[in-house]
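Colleague: I have a new model open on my screen and would like some help reading it. Could you walk me through the features, step by step?

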Amino acid sequence: MAELTINKIKHQVTVELNTPLLWFLRDTLNLTGTKYGCGIQQCGACTVLIKGRTVRSCGVTIEEVLDEEITTIEGLSNNNSHPVQQAWIAEEVPQCGYCQSGQILTAVSLLNRKPNPTDQDIDRGMLNLCRCGTYTRVRKAMHVAAEMMKEA
């Protein structure tokens, strides 16, 4: 039987291998922090990390990620202690909150690749859509998180 490693825990795959990863996370494992947004890999609400890189989970099948380690928002920390989560809280980024798990995971990936991002780097790297328009706060929180990550 196939297995997926999600948030450092191995899970037996009990659905068809052509099932989108998003639905396995939400419907089978009840990891509902990963959201369904557009369903066409555009908005980023369904973002997860695979090897530290962002992947839109609505557009990949389980079969495509069988040998990968997947991190969802639930696996980032168990108490919102990750610097990006702390910066998001400090800067009061979320409004409705729907897109924020995808935003946070995208920010983590960007900051791991670019520890000192410029505003331009952030604008180019943060391609997740936010209907509330929290982009200015996202940018500010990313600078705060970058500083926090340097100190850690």
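**Reading the sheet, the cores and the loops**

Modeller: Happily! S1 and strand S5 (residues 69-71) pair in the parallel sense, over 2 bridges. One of the residues to click on is threonine 5, whose bridge partner in S5 is glutamate 69. Please keep in mind that this is a predicted model.

Colleague: How do S1 and S2 run relative to each other, parallel or antiparallel?

Modeller: S1 and S2 run antiparallel and are joined by 4 bridges. Threonine 5 has a bridge partner here too, lysine 10 in S2. Isoleucine 6 is matched with isoleucine 9 of S2. The two strands form a hairpin with 2 residues between them.

Colleague: And what is the strand order in the whole sheet?

Modeller: Read it as S2-S1-S5-S3-S4, an open sheet of 5 strands with mixed pairing. S2 and strand S4 (53-56) are at the edges; each has a single partner strand, so one side of each has no neighbour in the sheet. From one strand to the next, the twist averages 40°.

Colleague: Which strands does helix H1 touch?

Modeller: Helix H1 (residues 21-28) packs on the sheet and touches S1, S2, strand S3 (47-50) and S5. The direction of H1 makes about 75° with that of S1. Look next at its side chains: Leu21, Leu22, Phe24 and Leu25 are buried, and the buried residues of H1 pack against S1, S2, S3 and S5.

Colleague: What about H4: which strands does it lie across?

Modeller: H4 lies across S3, S4 and S5 and runs at about 35° to S3.

Colleague: Let's turn to the interior. Which residues touch the most other members of the largest nonpolar core?

Modeller: That core has 20 residues, and Val84, Trp88, Ile104, Met126 and Met142 touch the most other members. At least two residues of this core come from each of helix H2 (73-76), helix H3 (83-90), helix H4 (100-113) and helix H6 (135-151). H4 gives the largest share, 6 residues. Apart from this core lies another, of 15 residues, including Ile6, Leu31, Val60 and Val65.

Colleague: If I centre the view on tryptophan 88, what does it touch?

Modeller: Leaving out residues up to four places away in sequence, tryptophan 88 touches Val93, Pro94, Gln100, Gln103, Ile104, Ala107, Val138, Ala141 and Met142.

Colleague: Now for backbone angles. What sign does phi have in most residues other than glycine?

Modeller: Most residues other than glycine have a negative phi. That makes the positive values a handy list to look through. Asparagine 7, in the turn of the hairpin, has a positive phi of about 55°.

Colleague: Is asparagine 7 buried or exposed?

Modeller: Asparagine 7 is buried, because its relative accessible area is 17% and the cut-off for buried is under 20%. This asparagine is found in the loop between strand S1 (3-6) and strand S2 (9-12). Setting aside neighbours within four places in sequence, asparagine 7 is in contact with Leu31, Ile70, Thr71, Thr72, Glu74 and Gly75.

Colleague: Where else should I look for a positive phi?

Modeller: Asparagine 30, which follows H1, has a positive phi near 60°. Glutamine 41, in the loop between H1 and S3, has a positive phi of about 60° although it is not a glycine. With a relative accessible area of 39%, glutamine 41 is partly exposed. Asparagine 80 has a positive phi near 60° and sits in the loop between H2 and H3. Its relative accessible area is 39%, so asparagine 80 is partly exposed.

Colleague: One last topic, the cysteines. How many disulfides does the structure hold?

Modeller: The structure holds 0 disulfides. Cysteine 43 is in none: the nearest cysteine sulfur, that of cysteine 38, is 3.8 Å away. Cysteine 43 is buried, with a relative accessible area of 12%.

Colleague: Why is cysteine 46 without a bond to cysteine 58?

Modeller: Because the distance is too great: the sulfur of cysteine 46 is 3.6 Å from that of cysteine 58, the closest cysteine sulfur, whereas a disulfide needs the two sulfur atoms within 2.5 Å. Cysteine 46 is also buried, with a relative accessible area of 3%.

How values were computed:
Residues numbered from 1 in each chain as written. Predicted model: local features only at pLDDT ≥ 70, side-chain atom pairs only at ≥ 80, totals over all residues. Heavy atoms only, no water. Core = buried A, V, L, I, M, F, W, Y, C linked by side-chain atoms within 4.5 Å. Buried < 20%, exposed > 50% of the residue type's maximum accessible area, 1.4 Å probe, protein only. Contact = heavy atoms within 4.5 Å. Pairing = 2+ DSSP bridges. Axes fitted to C-alpha atoms, helices over the stretch in contact; angles between N-to-C directions.
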